[in-house]
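Student: Please take a close look at one position in this protein, and set it against the fold as a whole.

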Amino acid sequence: MTTKSFAITKRQVYEAWKCVKANRGAAGIDGESLADFEANLSGNLYKLWNRMASGSYFPPPVKAVEIPKRSGGKRLLGVPTVADRIAQTVVKQSLEPLLDPIFDVDSYGYRPGKSALNAVKVTEERCWLYDWVVEFDIKGAFDNLDHTLLMSALTKHTHCRWMLLYIRRWLEAPTP
């Protein structure tokens, strides 16, 4: 048995793979599709697990894809590689149970069991209770997050070295 730097299990990587496969999605910058990845599933998952558990995983750049906006114009979407989506899901599945309980009940974005449809339903209910509405959209909000503040907030809620290491690496990942 080999000792790894981080307690990331093969089961965690496999469970993350199942989520990524279920979500489907396009190939990243390496051109590898879900089907291509699955063609050598055990080898690819082992390689990813080995790198994550040893601390030697570094995320590749994301593929930049322009998608049209309903209101006109285009929005830039970053598409990670299949392996990187699996790695992100390993971190998400470990971090989410720690962070989700501290979010406001009215926070709907990227939360388990919550969706834009839930937000619309609550909005419809509340529109009958109040005579005013507040609407805002912060252009490029995620593009302008202060990484130091984000890491400080994360460190307040977890001291898990591997999660913090990989989140920092994603924040610092090269762009194409």
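**Gly 113 in its setting**

Tutor: The accessible surface of this protein, a predicted model, comes to about 12500 Å², and carbon and sulfur atoms account for 57% of that surface. The position to examine is Gly 113, which sits in the loop between helix 4 (82–99) and helix 5 (116–126).

Is Gly 113 buried or exposed? Its relative accessible area is 77%, and a residue counts as exposed when that value is over 50%, so Gly 113 is exposed. For the protein overall, buried residues make up 26% of the 176 residues.

The distance to Trp 170 gives a second reference point for the loop. Gly 113 and Trp 170 are separated by 57 residues in sequence, and their C-alpha atoms are 25 Å apart in space. For scale, the C-alpha trace of the protein spans about 65 × 35 × 30 Å along its principal axes.

The two helices that flank the loop belong to a fold with 7 helices and 2 strands. Read along the sequence, the order is α-α-α-β-β-α-α-α-α. Among contacts in the protein with a separation of 6 or more, 67% are accounted for by residues 24 or more positions apart.

Charge can be described for the protein as a whole. There are 24 positive and 19 negative side chains, and the centres of these two sets lie 7 Å apart.

To return to the position itself: Gly 113 is an exposed residue in the loop between helix 4 and helix 5, with its C-alpha 25 Å from that of Trp 170.

Conventions
Residues are numbered from 1 along each chain as its sequence is written. This is a predicted model: local features need pLDDT of at least 70, side-chain atom pairs count only at pLDDT 80 or more; totals for chains, interfaces and linings use all residues. Side-chain values use heavy atoms; hydrogens and water are left out. Helices (H or I, at least four residues) and strands (E, at least two) are DSSP runs, numbered from the N terminus. Buried means under 20% relative accessible area, exposed over 50%, partly exposed in between (1.4 Å probe, protein chains only). Contact means heavy atoms within 4.5 Å. Accessible areas come from the Shrake-Rupley method with a 1.4 Å probe; for residues, only the protein chains shown count as cover. Lys and Arg count as positive and Asp and Glu as negative; His and the chain ends are not counted. The place of a charge is taken as NZ of Lys, CZ of Arg, CG of Asp or CD of Glu.
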